[in-house]
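Got your viewer open? Load the model and follow along, one selection at a time.

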Amino acid sequence: MNFLRGVIAGQAAGPQPSGAETIQKLCDRVASSTLLEDRRDAVRALKSLSKKYRMEVGTQAMDHLINILQTDRSDSEILGYALDTLYNIICNDEEEEQDESEDAVTPLPVSGKHKNVSAPDENAQKQADDLGAQFTDTFIQEPEHVTLLLSLLEEFDFHVRWPGVKLLTALLKNQCTQVQGVILVSPMGVSRLMDLLADSREVIRNDGLLLLQQLTKSNAAIQKIVAFESAFERLLDIITEEGSSDGGIVVEDCLLLLLNLLKNNSSNQNFFKEGSYIQRMKPWFEVGDDNSGWSAQKVTNLHLMLQLVRVMVSPVNSPGATASCQKSMYQCGLLQQLCTILMATGVPADILTETINTVSEVIRGSQVNQDYFASVNAPSNPPRPAIVVLLMSMVNERQPFVLRCAVLYCFQCFLYKNQKGQGEIVATLLPSTIDANSISAGQLLCGGLFSADSLSNWCAAVALAHALQDNLTQKEQLLRVQLATSLGKPPVSLLQQCTNILSQGDKIVRRGSKVQTRVGLLMLLCTWISNCPIAVTHFLHNQENVPFLTAQISENLGEDERLVQGLCALLLGICIYYNDNSLENYTKDKLKQLIEKRIGKENFVEKLCFITKHELYSRAAQKPQPVFPSPEQMLFDHEFTKLVKELEGVITKAVHKSSEEEKKEEEVKKTIEQHDNIVTQYKELIREQDAQIKELKEQVDSMSSQNEQMQSTVTQQLSTIQQHKDQYNILKLKLGKENQSPSNGQGDGSQVNGLQTEELTQLREEVEELRKQQTLLQTQLGDKDALINSLKSEAAQAAQTAEGSAGGSENTELLKELEALRSQVQSKSSEINQLKTERQELVRRAEAGSSDTVPSSDSSIDTAKMAELESRLAAQTTETERLKGETKGLSESRADLEQQLASATSTVAILQTEKAKLQTDVQESKKEQDDLLMLLADQDQKIHSLKQRLKGLGETLDCNALLTGGR
């Protein structure tokens, strides 16, 4: 400190040192001084000299200043001075380089840029830029220096953080790519910079926005990191806090940063859409009724907001992403808000123009958005569609050129991939839909097409061409349009009127470029007749058109007319390529001969190439929006350049081909079409088979599931049957054990008292009743046997009646049904046998129980009855055996019946009647057998109850003893 004072105090007495000498002494002091205060004063002095002596301070003090940043981290004041000094020598801003005030020290000779220059010239500014770039290169030679600067930004002290932000911003301005690379590989580098947006001090936050703007330029990787560090959320919050479009410069900085993050970055655009940030843009565009007196800052902010919307739906984005954003903008009401601005009054012209361009891209290719835009009406009396109001501006030559271009772009976007809209526009020109009391879009387009303003001619022609783009139906419909040229003359078609104006273009006085009018009409005609043989025929039907085209192509005109010649060649080539040879005088071969004689094939192709060689052609082919620096350069339409690119090659080949080659080509085309038809048929067949296979698979799946269910049901039933079998076996074993136990019937009989005798008498009565029921059941069983015999006889009669007749599929079915009936009869007979067996066992058990309990005097009577019962059962068994034999005989004669039934076609009706009768009998038989089963079940239950009562009386049932006693 004393040294510095001595230097300053001694300047008045001795000779003044040079700037380089003073800076050298200060640098030595910074490097050698051990006291922090001395180093701080020296750095402060360097800071004060760094603006005037930028070169000297930069070359001599940079290393010392970087060393201060590394070693004196504990003192924020010296860090702030060092960062300010580095910023002064690296920054190239003129405003920052100007002196704030004169130093107390007498001005020293300046070896760098002197500040006495009143107006800095370009060379001085260029030298300053080069100087800043050199010092930036020196600073970032060591990547650790940038990392050191990033670590200093974590300091909360204002005097360290703010100059650090400014220094890093200056480094990015001078050498953006290199500094971006260092920050990208630095751990948490981008995250540290994102923390600046959360700083409560607005100065640091606002300069942090400028820093992030420089950081995110043209670096997709950093843009993604910043976006995923919640940048969208923070920036939108800041915009809302600052007042949205009414905010100041901070809102502008936020919008510029958002544009950097979203432009040409599909990942960030998708993240912005998925995060529902599009919905937060809607309040930006809320305008009041009074829109006068907008500030310049509000105009700038709203302009950037509209650009932000356009970035999300730009035609250069992927179609899927653009369609998704368009859908979101319609659903959240953003499109409706933009249309409100479009129809509002008092909106500045540049904002209105940009709004039209924004609405254009929001509706481009989106059917829902296009339909909504078609329904928007202007607030006029009477209300008019917004499209009509916009077209009125387009064909009005007093409107600004950029506004007319924007309206044309809006109309093109409205018709892009919108066949419904194309049909509505063309319909306004047709005689059946013209309303004389209102102005329609078609009337405005015709008025512009035939006005004296060349720019209106061009815009109307291009707009009408877009109404026909890729729409064969509307091309044919437009041929019906008739125009009344003057009183007393017949109307002419729109196609004829266009060719008339084209041929008389030099005679009509126009404002603007005559070439522009002719180019517009030729583009309209080329679009109209391309891929439409009917339109080609209408065009060639006018005898003057072909001579006019050949004359235009064959002439040697000036540079300006070359483009017209090229378009005439294109129009004539379309007439050849899409000619269906319906006009005898203008077939393909005759037009080729005409070209060869009048123009020459090589000359024709050369003139055709004039279109693509034009300098404005490549500019129009770049993007759909018509952007031209002046009206005179408005010559090509973007969609037309695609048509030229598509047709130029095929027209060249068509002109050079001979008639034989064309015939061969047509044959090849026909063959290809035939093959295509065959392939199409096979494709349809394959589709049908695929559908059938799919249907069968579904049926198989359903049947598989049904099969599984049936299998599970069968398994359950089998398990139930097994359980029943097990229970039956257990009961059988128990019954066997009871039968094996010693019988004490005689001793018990002698001990029967009077009460037991009464019970036994009652049991005898019940046994008698059961015998009667048994007799009744036997009678019914005999009836059933008779019914079976009658059924067999009827079947035999039916078989005899069917003899000698021809067989068929219906007889086979009847035979199957007869066999089913036989199987049912057999199953019923087996069930009857089973019931008989069970009844016999039950009767035996009952008889055994009754014989054990009755006195010996009645045993002889019971034995006789049992013998009679056994004889009856033996007779029934014999009858059953006989029935079985007869059934076996019937089964053996089944083959004979099949042969006889095979020829029974003439008696189908009789057999069907017999079948119905048999089915009825079987049903009745089933019912009767069910009744029989119920009776047997009741008998079984009663026998069981008797057994229980006998057991309760102490009697033991022994079937073997019963049988022995009976004999």
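Start by selecting T345, which is found in the loop between helix 18 (334-343) and helix 19. Helices here are DSSP runs of H or I with at least four residues, strands are runs of E with at least two, and both are numbered from the N terminus. T345 counts as exposed, because its relative accessibility is 57%. The cut-offs for that: buried is under 20% relative accessible area, exposed is over 50%, and partly exposed is in between, with a 1.4 Å probe and protein chains only. Now add S292 and draw a C-alpha to C-alpha distance: T345 and S292 are 8.8 Å apart in space and 53 residues apart in sequence.

Some housekeeping before the next stop. This is a predicted model, so local features need pLDDT of at least 70 and side-chain atom pairs count only at pLDDT 80 or more, while totals for chains, interfaces and linings use all residues. Residues are numbered from 1 along each chain as its sequence is written, and side-chain values use heavy atoms, with hydrogens and water left out.

**Zoom out**

Colour by secondary structure and you get 44 helices and four strands. Of the chain's 967 residues, 45% count as buried. What share of the contacts between residues at least 6 apart in sequence joins residues at least 24 apart? That share is 75%, where contact means heavy atoms within 4.5 Å.

**The second largest pocket**

Next up is the second largest pocket, with a volume of about 680 Å³. To find its centre, select K263, R310, E361, K623 and Q625, the closest to it of the 33 lining residues. A pocket is an open set of points on a 1 Å grid over the protein atoms alone, where a 1.4 Å probe fits and protein lies on both sides within 12 Å along at least five of seven lines; lining residues have an atom within 4 Å of a point. The points are joined across faces, edges and corners, and the volume is the space filled by probe spheres set on them.

Show these helices as well: helix 14 (249-262), helix 16 (296-312), helix 19 (349-363) and helix 22 (401-415) each supply at least two residues of the lining. By type, the lining divides into 14 nonpolar, 12 polar and seven charged residues. Nonpolar covers Ala, Val, Leu, Ile, Met, Phe, Trp, Tyr, Cys and Pro, charged covers Asp, Glu, Lys and Arg, and the others, Gly among them, are polar.

**Rings**

The whole structure has 12 aromatic pairs. Select F232 and F271: this pair is tilted, because the ring centres are 5.9 Å apart and the planes are at 35 degrees. Rings of Phe, Tyr and Trp (its six-membered ring) pair if their centres lie within 6.5 Å; planes under 30 degrees apart are stacked, over 60 edge-to-face, and the rest tilted. The pair links distant parts of the chain, with F232 in helix 13 (residues 220-241) and F271 in helix 15 (residues 266-274), 39 residues apart. F232 is buried at 1% relative accessibility, whereas F271 is partly exposed at 27%.

Then add F272 and Y277, another tilted pair at 5.5 Å centre to centre and 40 degrees between the planes. Both F272 and Y277 are buried. With F228 included, F228, F232, F271, F272 and Y277 form one aromatic cluster.

For charges over rings, try W162, where K166 lies over the face at 4.0 Å from the ring centre. Then go to W294: the charged end of K298 sits over its ring, 4.6 Å from the centre. The test is NZ of Lys or CZ of Arg within 6 Å of the ring centre and within 35 degrees of the ring normal.

**Backbone oddities**

Most residues other than glycine have a negative phi, and most peptide bonds are trans. Select M188, not a glycine, which has a positive phi of about 60 degrees. M188 is in the loop between helix 10 (176-185) and helix 11 (189-194), and is exposed at 56% relative accessibility. S230, also not a glycine, has a positive phi of about 65 degrees. S230 lies in helix 13 and is partly exposed at 41% relative accessibility.

For omega, pick N381 and P382: the peptide bond between them is cis, with omega near 0 degrees. P382 is in the loop between strand 1 (377-378) and strand 2 (384-385).

**Last stop**

Finish on helix 24 (residues 441-449), which is largely enclosed by the rest of the structure, because seven of its nine residues are buried.
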